[in-house]
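Good morning, and thank you for making time for this item. I would like to take you through one structure, from its overall build to a handful of individual residues.

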Amino acid sequence: MVQERTLPTFKADANAVTRDEGLMLYEDMVLGRLFEDKCAEMYYRGKMFGFVHLYNGQEAVATGMIRAGRRDEDYVCSTYRDHVHALSAGVPPREVMAELFGKATGCSKGRGGSMHLFSSAHNLLGGFAFVAEGIPVATGAAFQTKYRREAINDPNADQVTMCFFGDGACNNGQFYECLNMAALWNLPIIYVVENNKWAIGMAHDRATSDPEIYKKGPAFGMPGYEVDGMDVLAVREVAKKAVARARAGEGPTLVEALTYRFRGHSLADPDELRDKDEKEFWFARDPIKKFAAHLTEHNLATHEELKAIDQQVQAIIDDAVEFAQSSPEPDPKELYRYIYADD
């Protein structure tokens, strides 16, 4: 059965995006989708190992939120479904792919793999394997920004932290504790719930007393927004409000993006629990196809231009695979390196 909760009726202004912005958003989403498709191919060919959780279907959330901030300056904290967050945050596809292959050229030097992407250069605070594990880390990052701004008068301390997690994490204690701290201390953070309706094999509506997560924001004294997570422009509009609020020192925001993952929980999941009608309901709302239609209907791009972007992105991903495969394995002599900070 299709879960009954309907998508928000909020619609972004059709003129809210320029041609250049629209092409950037489209390219970012396509990069995420095609990257994940290539990961599936490599995994099933036995070239990639371990747990791999793909993001297909949720691209509008990463693109709409992260690209509304400042790349390489604002902080992004992810989950074990972190590949696309990393790409949107600016981590080069080569470094992400090499990490998935466990190579020394990966963004985590081959030590993290799929669930533990990290890049200090791009302020990617990490992917985290435990549910809700990243929420306290992100809250701490937001605290240090506020501390630098107010306690040591650092004029450059205006970073916003974006913390991503799923609907299942909202039943964990860290979620409530950190919302309380963020509101109490007026931290510059955006908590982004990617509600894809399923916590592994548990339907969201069966796991929580109030399935409308965004309402928990006002309960802690912060704004809570519900947004169509399959509409990149709608996500972007909410993101811009939340970013401006955080950057101005007005405190945290909770955003619940209603979205859907098109694949199973991980590539080891046969995805037999979800109803066929539910899948078809959400497949018809593919965020990339939806945005492509918007761009062409509003004369912001032609079909040929979008196809050219698809081809350019595919070439980038093919290059990333070649780079990863040809990169060296981590040196066993450096087994204990990176456990502690280098002098």
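Of the 343 residues in the chain, 54% count as buried. Please keep in mind throughout that we are looking at a predicted model.

Let me set out the general build. The chain holds 12 helices and eight strands. Taken along the principal axes, its C-alpha atoms fill a box of roughly 55 × 50 × 40 Å. How does the radius of gyration relate to that of a compact globule? For 343 residues, such a globule would have a value near 20 Å, and the chain has 19 Å, so the two agree. As for the contacts between residues at least 6 apart in sequence, 77% of them join residues at least 24 apart.

Turning to the surface, the chain exposes about 15300 Å², and carbon and sulfur atoms supply 53% of that area. Its side chains include 38 positive and 52 negative ones. The centres of these two sets lie 0 Å apart.

I now move to the interior. The largest nonpolar core comprises 67 residues, and the members that touch the most others are Tyr26, Met65, Met97 and Ile190. Which helix gives the most to this core? That is helix α1, spanning residues 19-44, which contributes 11 residues. Leaving aside neighbours within four places in sequence, Tyr26 is in contact with Ile288, Phe291, Ala292, Leu295, Leu306, Ile309 and Asp310. Apart from this core lies another, of 24 residues, and among them are Cys170, Cys178, Ile189 and Leu254.

Next, a single position in a helix: Leu87, found in helix α3, residues 83-88. Is Leu87 buried or exposed? Its relative accessibility is 3%, and the cut-off for burial is under 20%, so Leu87 counts as buried. Not counting residues up to four places away in sequence, Leu87 touches Asp28, Leu31, Gly32, Phe35, Arg71, Pro93 and Val96. From C-alpha to C-alpha, Leu87 and Met65 are 13 Å apart in space, with their positions 22 residues apart in sequence.

Two residues deserve a remark on their backbone angles. Ala132 is not a glycine, yet it has a positive phi of about 75 degrees. Where does Ala132 lie? Ala132 sits in the loop between β2 (124-126) and α5 (134-150). With a relative accessibility of 7%, Ala132 counts as buried. The second residue is Tyr338, also other than glycine, whose phi is positive and near 75 degrees. Tyr338 is found in the segment after α12 (303-326). At 35% relative accessibility, Tyr338 counts as partly exposed.

Finally, let me direct you to Glu297, which lies in helix α11, residues 287-297. Glu297 has a relative accessible area of 60%, and therefore it is exposed. How far apart are the C-alpha atoms of Glu297 and Asp286? They are separated by 17 Å, and the two residues are 11 apart along the chain.

To close, I would ask you to retain two points. The 67-residue core draws more from helix α1 than from any other element. The positions discussed range from Leu87, buried at 3%, to Glu297, exposed at 60%. Thank you for your attention.

Conventions
Residues are numbered from 1 along each chain as its sequence is written. This is a predicted model: local features need pLDDT of at least 70, side-chain atom pairs count only at pLDDT 80 or more; totals for chains, interfaces and linings use all residues. Side-chain values use heavy atoms; hydrogens and water are left out. Helices (H or I, at least four residues) and strands (E, at least two) are DSSP runs, numbered from the N terminus. The radius of gyration is taken over C-alpha atoms; the globule rule is 2.2 Å times the number of residues to the power 0.38. Buried means under 20% relative accessible area, exposed over 50%, partly exposed in between (1.4 Å probe, protein chains only). Contact means heavy atoms within 4.5 Å. Accessible areas come from the Shrake-Rupley method with a 1.4 Å probe; for residues, only the protein chains shown count as cover. Lys and Arg count as positive and Asp and Glu as negative; His and the chain ends are not counted. The place of a charge is taken as NZ of Lys, CZ of Arg, CG of Asp or CD of Glu. A nonpolar core is a set of buried Ala, Val, Leu, Ile, Met, Phe, Trp, Tyr and Cys residues joined through side-chain atoms within 4.5 Å.
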